[in-house]
Amino acid sequence: MQRHLISAADLTRDDAVLILDTAEEMARVADRPIKKLPTLRGRTVVNLFFEDSTRTRISFEAAEKRLSADVINFTAKGSSVSKGESLKDTAQTLEAMGVDAVVIRHGASGAPYRLATSGWIDAHVINAGDGTHQHPTQALLDAFTMRRRLVGRDAGLGQDLNGRRITLVGDVLHSRVARSNVDLLHTLGAEVTLVAPPTLLPVGVETWPCEVSYDLDSTLPKSDAVMMLRVQRERMNAAFFPTEREYSRRYGLDGDRMARMPEHAIVMHPGPMVRGMEITAEVADSDRCTVVEQVANGVSIRMAVLYLLLGGAEFQTPSTSAAPARTAEENR
């Protein structure tokens, strides 16, 4: 494990599998009457959120508290940021408080990397989403969910997703989830296909380690997992498709389309879902949809990441505490 987690592209196969295997151990904590480990007792973690968030912020906070860390929640609204305070000044304030790790979500792509490499703060940095760039823990929890469903909870230990066919559908242009998943799934050996209208694909997508298609119906029969992406209107400054009805007709997943998928295939969504547009209520509420499962797995993955960064690079029994990992510097 490196010192920071900024991008899914920075993870090697061994790094990713180690995190997934550690998350399996952490998931067992959820089955205990007392869902607490003393691993990070005495460590302070700050959740530094400059953008609105529900699932990611609560998931990180739950993970931190289950590892017995001291948690500080920081939101831009109601803070000195709204008065014009810079990221540097905020970081130096946190450094003065002696925090051990910063979980940061920011609207500007590259903000977590800047925080990790600037020298403003001597703490581990975890990227919880930056602009349209990366969201590595989301990609990890998605891969964790796929491995559990497609390979098996116990059979998956030590395994990757080699040969699995994953399809990502929708607003790839504005999606940090799509970028992170393409990077991580490629590292884990999966075959990834992006399906979207041409206007919602980024410039240079042909250089990504994946295939591109404009026809959803032709990709469904050969997909092991289909991930629907939300159309991010808050990031749009132009009309990228004629109407919502037209988008839903071409790229929405309904019951008829789900029936064309292999019987073992699953439907995924990073949330929040816009029912009736990219996914119908029938599909969202079906047994094949893993949305709620992804939320639960997110806590386990984030516990694993925090444990490995703050508790030790080599995996040990989660009930034991280790010295903080300070190995290779962030290389990107």
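1. Contact here means heavy atoms within 4.5 Å. By that rule, and leaving aside neighbours within four places in sequence, R105 is in contact with L48, F49, F50, E51, D52, S53, T56, A128, G129, H135 and R176. This is a predicted model, and the points below should be read with that in mind.

2. Stay with R105 for a moment. R105 lies in strand β3. Is R105 buried or exposed? R105 is buried, yet has no salt bridge. The nearest side chain of opposite charge is that of E51, 4.6 Å away. A salt bridge needs a side-chain nitrogen of Lys or Arg within 4 Å of a carboxyl oxygen of Asp or Glu.

3. Which side chains make polar contacts with that of R105? One is the side chain of S53, at 3.5 Å. The side chain of T56 is another, at 3.2 Å. S53 and T56 also appear among the contacts of R105 listed above.

4. Next, helix α3, residues 87-96. L87, T90, A91 and L94 are buried in α3. They cover an arc of only 100 degrees around the axis, so they sit on the same side of α3. What do the buried residues of α3 pack against? Their partners are the strands β1 (44-49), β2 (70-75) and β3 (101-106), along with α4 (111-117). After α3 comes G98, with a positive phi near 75 degrees.

5. F74 lies in strand β2. Why does F74 count as buried? Its relative accessibility is 17%, and buried means under 20%. F74 and V103 are 29 residues apart in sequence. In space, their C-alpha atoms are 9.9 Å apart.

6. Now the nonpolar cores. In soluble globular proteins, nonpolar side chains tend to be buried together. The largest nonpolar core in this model has 81 residues. M146, L184 and I301 have the most contacts inside it. Which helix gives the most to this core? Helix α11 (residues 291-311) does, with 10 residues.

7. Apart from the largest core lies another, of 19 residues. Among its members are F74, L87, A111 and V125. Two of these names have come up before: L87 as a buried residue of α3, and F74 as a residue of β2.

8. Last, I301, from the largest core. Which residues does I301 touch, not counting those up to four places away in sequence? I301 touches I19, L20, A23, T137, L140, L141 and F144.

Definitions and conventions:
Residues are numbered from 1 along each chain as its sequence is written. This is a predicted model: local features need pLDDT of at least 70, side-chain atom pairs count only at pLDDT 80 or more; totals for chains, interfaces and linings use all residues. Side-chain values use heavy atoms; hydrogens and water are left out. Buried means under 20% relative accessible area, exposed over 50%, partly exposed in between (1.4 Å probe, protein chains only). Helices (H or I, at least four residues) and strands (E, at least two) are DSSP runs, numbered from the N terminus. The arc is that of the directions from the helix axis to the C-beta atoms. A nonpolar core is a set of buried Ala, Val, Leu, Ile, Met, Phe, Trp, Tyr and Cys residues joined through side-chain atoms within 4.5 Å. Lys and Arg count as positive and Asp and Glu as negative; His and the chain ends are not counted. A polar contact is a pair of N or O atoms within 3.5 Å; within protein, one must be able to donate a hydrogen and the other to accept it, and residues adjacent in sequence count only if both atoms are side-chain atoms.
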